[in-house]
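Student: Got a minute to go through this one with me? I'd like to start with how the chains meet.

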Amino acid sequence: MRTGPLDRDTFEAIEAYVLGRMDKEECRRFEERMRHDQALQQEVQLEREHIHAVELAGVVRQIDRIAGSDNSDEAESGRDGVTRSPMRWLAYAAAVAVVFTVAWYLLRPPLHEQLYAEFHSPDPGLPVTMGADRNYEFQDAMTDFKMGRYPEAVNKWSDLQANGEGSDTLSFYLGCAYLELDEQAMAKQAFHQVREFPGSGFHYKADWSLFLITLREDPNAVASWSVDPASPYADRMRTVLQRLSE
Amino acid sequence: MDRSGAATPEIVLATAVKHTTTSKTWVDGLRRNDTSTIRSIYDAHFPAVRQYVLKNSGTRDDAKDMFQEAMSVLWLAVKDGRFDTNVQEDPGGFLYRVARNKWLDQVRSAAHKHMKVVHDERTLEQTSELPDDLDDRLGRLREIYATLDDRCRTVLDRFYFERKDLATIAAEMGVEEESIRTIKYRCMMKLRAHRLSIAGEEGTAS
């Protein structure tokens, strides 16, 4: 490689080659020149690497931005137009209302999704008693759950379960946390585990959760659901099934 | 199915694959650093990586880090022309395997020895598409970029990553086009000088 300075013309020729901005004939001549000039080959390799370094940083920034965009949506939406006049605001509001009404009509979710949204509400969790006993980790995860920190709750409860400290309570709340994370398959698995504990106090709750997941996944499958008359959720299940069949 | 009967990440992956466009489109998009391509790959394939990391003692931030690493590897492989689009129809499998192996490396590190890995057998697979030197090269590229000052980054980012022309960059920065051309040249020459000095030191040391 040349150790002295690289003139601007050569630098820009290499740049055009690396970025694919040469026409066919220029490209052919440049490659021919490279074939006989090892130093030029090394300069091309070095400049390509420097360009890649800049591009990679850009790709990483983009991914960061995309990954963070979920949290930034709210902040973005509140920034606009504090200085606009009230009449303008009204006009905008009316236009937005029309657009939303049309969009809602065209894009409204299917009935089973609507029913799921209507009947599903996040479980409030259990009261937390923070002591130094062996339940500390469970209670710590319950605090996360109640604060809406579902991934943290899932991690802690999964660890407990993996360490053989499974129980119907743990399985049920693990299922609830997965459900709030929209990870239906994992939620189903956890709720099915509750059913493996005979006489569990969470049996009917888990059954109701499975009913709602099935409703969301496959309304045809839920139509043949066998409603347990003893369940405190039986009326709600029948209402859903009734409205599905109308 | 895993031991608990849940859908495996491979199944999740197969679902995600449906959402992406044709291989030619995404390979071309990545070559051009196209933002919408990066976004569509993220949207389609991040959930599978997130699920794997969450199931294996990680957090959402860990999953994001692993996905970012995997995307960097994929991007560099595409830039190198190492990604055979005729064989590999979709980047999902590649991304998943790279992210999974990187997470396993982390889990196996001293700080995470207490963690439990759920998918033992599959996790022992190697990412055969991943050349050994890619990690080193990515590290080197990051080091190179770290040596740039803010002004150089501003100009070079817009020219090489965003692919804006000199006139546009000049207008955005309120300077003459020729100034941008000169700044770009000087910044790239600073990088070159830095690299040559390192190569010189290594040559002297050996």
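Tutor: We can take the chain interface and then a helix pair; keep in mind that this is a predicted model.

Student: How many residues of chain A and chain B are in contact?

Tutor: On the chain A side there are 45, and they touch 51 residues of chain B. The buried area between the two chains is about 4,500 Å², with carbon and sulfur atoms giving 61% of that.

Student: And how many salt bridges across the interface?

Tutor: The rule finds 10 between chain A and chain B. One of the salt bridges pairs E55(A) with K79(B), where the closest N and O atoms are 2.8 Å apart. For polar contacts, the rule gives 19 residue pairs across the interface, both residues at pLDDT 80 or more.

Student: Which helix of chain A gives the most to that side?

Tutor: That is α3(A), with 22 residues. Helices α1 (8-18), α3 (38-77), α7 (150-162) and α9 (184-195) of chain A each supply at least two. By type, the chain A side that touches chain B divides into 22 nonpolar, 9 polar and 14 charged residues.

Student: Changing topic: at what angle do α7(A) and α8 cross?

Tutor: Roughly 150°, and the axes of α7(A) and α8 (residues 168-180) of chain A come within 9 Å. The crossing is left-handed.

Student: Which residues make that contact?

Tutor: From α7(A), they include Y150(A), V154(A) and W157(A); from α8(A), L170(A), Y173(A) and L174(A) are among them. The residues of this contact divide into 9 nonpolar, 3 polar and 1 charged.

Definitions and conventions. Residues are numbered from 1 along each chain as its sequence is written. Chains are lettered from A and ligands numbered from 1 in the order in which they are written. This is a predicted model: local features need pLDDT of at least 70, side-chain atom pairs count only at pLDDT 80 or more; totals for chains, interfaces and linings use all residues. Side-chain values use heavy atoms; hydrogens and water are left out. Contact means heavy atoms within 4.5 Å. Buried area is the accessible area (1.4 Å probe) that two parts lose on being put together, summed over both. A salt bridge is a side-chain nitrogen of Lys or Arg within 4 Å of a carboxyl oxygen of Asp or Glu. A polar contact is a pair of N or O atoms within 3.5 Å; within protein, one must be able to donate a hydrogen and the other to accept it, and residues adjacent in sequence count only if both atoms are side-chain atoms. Helices (H or I, at least four residues) and strands (E, at least two) are DSSP runs, numbered from the N terminus. Ala, Val, Leu, Ile, Met, Phe, Trp, Tyr, Cys and Pro count as nonpolar, Asp, Glu, Lys and Arg as charged, and the others, Gly among them, as polar. Axes are lines fitted to C-alpha atoms, for helices over the stretch in contact, and angles run from 0 to 180 degrees between N-to-C directions. A crossing is left-handed if the near helix is turned anticlockwise from the far one by less than a right angle, and right-handed if clockwise.
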